[in-house]
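Subject: Structure handover

Hello,

Here is the structure I said I would pass on. Please look it over before reading the notes below it.

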Amino acid sequence: PAADSSAALNFTIRDSGMLAEVAMMRHVDPTQSAQTMGPARRSPFSIVAESESCWDGFTIPSRFTASWDHGTETPFPFLQARLESARFF
């Protein structure tokens, strides 16, 4: 969000305690997105965690997918990532 606004984050946690999803309304810049045309706006956005791993005593999502238009009929997954290691400073 812009510096003068805020955004609500919605966390979904599995019964095991693992993070399942983070969802929010996020700013869409139409000049940076092939999927979105028109004026700048907010769009439903989510990151879904498929697995987690532990490094140096910290457990974090290690495989996840980020999507625009979360919760709609046409979600647009644009990033799938897998962490293979993590270092904490």
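The notes below start with the chain as a whole and then go through single residues and pairs.

Please keep in mind that this is a predicted model.

Overall make-up

The chain has five strands and zero helices. In sequence order the pattern is therefore simply β-β-β-β-β. Of its 89 residues, 26% count as buried. Among the contacts with a separation of 6 or more, 32% are between residues 24 or more positions apart. The accessible surface is about 6400 Å², and carbon and sulfur atoms account for 55% of that.

Aromatic residues

There are four aromatic pairs in the structure. One of them is formed by Phe58 and Phe88, whose ring centres are 4.6 Å apart with 40 degrees between the planes, a tilted arrangement. This pair joins distant parts of the chain: Phe58 belongs to strand β4, Phe88 to the segment after β5, and 30 residues separate them. Phe58 is classed as partly exposed because its relative accessibility is 45%. Phe88 falls into the class of partly exposed residues as well, with a value of 38%.

Elsewhere, ring pairs connect Phe45, Trp68 and Phe78 into a cluster. The ring of Phe45 also has a charge over it: the charged end of Arg26 sits there, 4.8 Å from the ring centre.

A buried serine in β4

Is Ser67 buried or exposed? Ser67 is buried, because its relative accessible area is 10% and the cut-off for buried is under 20%. Ser67 is part of strand β4, which covers residues 58-68. With neighbours within four places in sequence left aside, the residues in contact with Ser67 are Pro44, Phe45, Ser46, Phe76, Pro77 and Phe78. Two names in that list, Phe45 and Phe78, are also members of the ring cluster described above.

The segment after β5

Strand β5 spans 76-82, and Ser85 is found in the segment that follows it. In contrast to the buried Ser67, Ser85 is exposed, because its relative accessible area comes to 55% and exposed means over 50%. The C-alpha atom of Ser85 lies 8.8 Å from that of Ser53, although the two residues are 32 positions apart along the chain. Phe88, the partner of Phe58, is in the segment after β5 too.

Charges and the surface

How many salt bridges does the whole structure hold? A search finds one. Its partners are Glu84 and Arg82, and their closest N and O atoms are 2.4 Å apart. Both Glu84 and Arg82 are exposed.

On the surface there is also a nonpolar patch made of Leu9, Phe11 and Ile13, with a combined accessible area of about 310 Å². Leu9 sits in the segment before β1, the strand that runs over 10-13. With a relative accessible area of 43%, Leu9 is partly exposed. That value lets Leu9 count towards a patch, because patch residues need over 30% relative accessible area.

In short

If you want a few places to begin, try the tilted pair of Phe58 and Phe88, the cluster of Phe45, Trp68 and Phe78, and the salt bridge between Glu84 and Arg82. After those, the buried Ser67 and the patch of Leu9, Phe11 and Ile13 can be looked up in turn.

Regards

Technical notes: Residues numbered from 1 in each chain as written. Predicted model: local features only at pLDDT ≥ 70, side-chain atom pairs only at ≥ 80, totals over all residues. Heavy atoms only, no water. Helix = DSSP H or I, 4+ residues; strand = E, 2+ residues; numbered from the N terminus. Buried < 20%, exposed > 50% of the residue type's maximum accessible area, 1.4 Å probe, protein only. Contact = heavy atoms within 4.5 Å. Areas by Shrake-Rupley, 256 points an atom, 1.4 Å probe, with all protein chains shown as cover. Patch = residues over 30% accessible without salt bridge, like charges linked within 9 Å, V, L, I, M, F, W, Y side chains within 5 Å. Salt bridge = Lys/Arg side-chain N within 4 Å of Asp/Glu carboxyl O. Phe/Tyr/Trp six-rings, centres within 6.5 Å; stacked < 30°, edge-to-face > 60°. Lys NZ or Arg CZ within 6 Å of the ring centre and 35° of its normal.
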